[in-house]
Amino acid sequence: MGGTAMDHVSSRDSKESGSDGKNPGFAPINLDLVPEVDLFLRKLGAGDFHRESLTAPVGRNDTWAGLTDSGRKVFVKRLDGPSDDVQARMRRMLSFENFVGLVNKPALRSPAFLGIDMDARLVAFEFVDAGMSGAKLMVDETFDDELARAAGEAIGSLHDGVPPEGEELDESAPTLPALVLQQGLTLRAFNNFSFAELEVWRLLQNDAALIEAIVELCRREREAPRVPSHCDLRVDQFIIVRDLVYIADWEEFRLADAARDIGSFAGEWLYRSVLDIVTSRGDSVFIDIDLDHDAVLRRGAEKIERLRPRVQNFWRAYLGKRKQVDAELAERATAFAGWHMLDRMIASSPQRARISGIERAAAGIGRKILLEPRKFASTIGLGE
């Protein structure tokens with residue numbers, strides 16, 4: 001049996017940092033079991049963590065956030081995964097810090113970088129005080145058009161940045177969606193998969209039209225201009241402090257097709273729209289929801305229309321920060337927005353026994369967009 005994309009899909013970090021309990025968190029791992037963390041902080045001049053102040057923002061990596069002896073609030077992450085992968089992610093984080101420190105892009109903000117220990121797999125950032133997760137603001141419906149414009153300016157500034165002379169960025173291709181094209185499952189993967197993962201694998205591998213569309217997207221991505229890109233952009237990586245937008249989690253930073261980041265942002269709002277089909281969010285009157293197929297389609301269109309201004313404002317602000325974009329950027333970004341809907345289903349499947357009906361609906365909408373991106377660019381907010 002061959003390799004599989006599902007062997008390599010990783011659950012992603014939910015937060016790079018938060019503040020004052022405003023972002024979800026758990027009790028952190030006892031630092032007495034991880035003495036290298038305090039040693040790392042001492043080397044940085046921050047001093048030990050105050051144990052009573054610690055929280056662990058949600059994520060797949062071990063994290064600690066709290067006050068240190070120096071009076072400084074610090075966020076520390078210990079990266080998890082195979083050694084080669086961890087080292088590559090840490091190199092990309094360092095590459096971003098070098099890049100952002102040398103280009104003059106005021107709209108592009110990220111948590112202040114404090115230091116890194118490659119051997120211990122540790123990285124530290126200034127804790128963003130009073131910061132709120134973009135994902136929480138999205139759910140609370142307070143991620144407004146102004147914040148969407150600020151996000152667009154930030155990503156536009158990133159993509160318009162020119163790496164300084166001698167600063168070489170990672171040029172490797174991001175893992176997904178190309179890895180989905182591999183055929184077959186390893187025996188180990190098959191034995192360890194949840195039922196939901198097996199469902200996802202069957203849905204993807206038995207859909208010839210979808211596979212063809214992914215092949216085409218990968219081809220167009222390879223031929224597209226490459227710019228400095230985040231490559232794992234989601235609203236939970238936006239940290240909002242009043243009207244300022246910070247972007248976190250730069251482990252996938254590299255030269256890539258700008259469409260990937262734009263499509264991810266649009267895909268986040270598209271996915272939120274689909275989730276809202278089965279809620280009364282945005283309805284002018286309460287609806288006792290009992291949905292047949294036609295009602296799902298009608299409400300889906302209504303919910304997409306309601307949240308489309310977020311993408312439109314992001315897109316307009318983005319273009320305002322770019323000196324030049326290629327003619328096919330919006331179409332490729334729309335295809336990536338469609339892929340994002342499928343990617344969300346893939347990422348959630350290891351934690352599920354079954355794929356829910358609403359996740360299937362989201363994947364179905366994503367599939368349709370991925371198959372005909374030119375037709376749907378304006379629908380999702382990436383039109384003229």
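**A three-stranded sheet in a predicted model**

Q: How is cysteine 231 classed, buried or exposed, at its relative accessibility of 11%?
A: This is a predicted model, and the class given here is computed from its coordinates. A residue counts as buried when its relative accessible area is under 20%. Because cysteine 231 has a relative accessibility of 11%, its class is buried.

Q: How many disulfides does a search of the whole structure find?
A: Such a bond is counted when two cysteine sulfur atoms lie within 2.5 Å of each other. Cysteine 218, at 6% relative accessibility, counts as buried, but burial is a separate matter from this count. For the whole structure, the number of disulfides found is zero.

Q: Which strands stand at the edges of the open sheet with the order S7-S9-S10?
A: Strands of a sheet pair through backbone hydrogen bonds, in either a parallel or an antiparallel sense. In this open sheet of three strands the pairing is antiparallel, and the order is S7-S9-S10. Two of the strands have a single partner strand each, so one side of each is left without a neighbour in the sheet, and these are S7 (132-133) and S10 (244-247).

Q: How many bridges join S9 to S10?
A: Strand S9, residues 238-241, pairs with S7 in the antiparallel sense over two bridges. S9 and S10 also run antiparallel, and within this pair isoleucine 239 stands opposite tyrosine 246 in S10. In the hairpin that S9 and S10 form, two residues lie between the strands, and arginine 242 takes a positive phi near 55 degrees. The number of bridges that join S9 to S10 is four.

Q: Which residue's backbone nitrogen does the side chain of serine 133 reach at 3.1 Å?
A: Serine 133 lies in strand S7 and stands opposite isoleucine 239 in S9. With a relative accessible area of 1%, serine 133 is buried. Its side chain reaches, at 3.1 Å, the backbone nitrogen of alanine 135.

Q: At about what angle to S10 does helix H5 run?
A: Helix H5 is made up of residues 145-160, and this helix lies across both S9 and S10. Relative to S10, H5 runs at about 45 degrees.

Q: Over which residues does pLDDT stay under 50 while the model has 95 contacts beyond four places in sequence?
A: The mean pLDDT of the protein chain is 88, and 87% of its residues reach 70 or more. Where pLDDT is low, the predicted coordinates should not be read in detail. The stretch with 95 such contacts, where pLDDT stays under 50, is residues 1-24.

Notes
Residues are numbered from 1 along each chain as its sequence is written. This is a predicted model: local features need pLDDT of at least 70, side-chain atom pairs count only at pLDDT 80 or more; totals for chains, interfaces and linings use all residues. Side-chain values use heavy atoms; hydrogens and water are left out. Buried means under 20% relative accessible area, exposed over 50%, partly exposed in between (1.4 Å probe, protein chains only). pLDDT is the predictor's confidence in each residue, from 0 to 100. Contact means heavy atoms within 4.5 Å. Two strands pair if DSSP finds at least two bridges between them. Axes are lines fitted to C-alpha atoms, for helices over the stretch in contact, and angles run from 0 to 180 degrees between N-to-C directions. A polar contact is a pair of N or O atoms within 3.5 Å; within protein, one must be able to donate a hydrogen and the other to accept it, and residues adjacent in sequence count only if both atoms are side-chain atoms.
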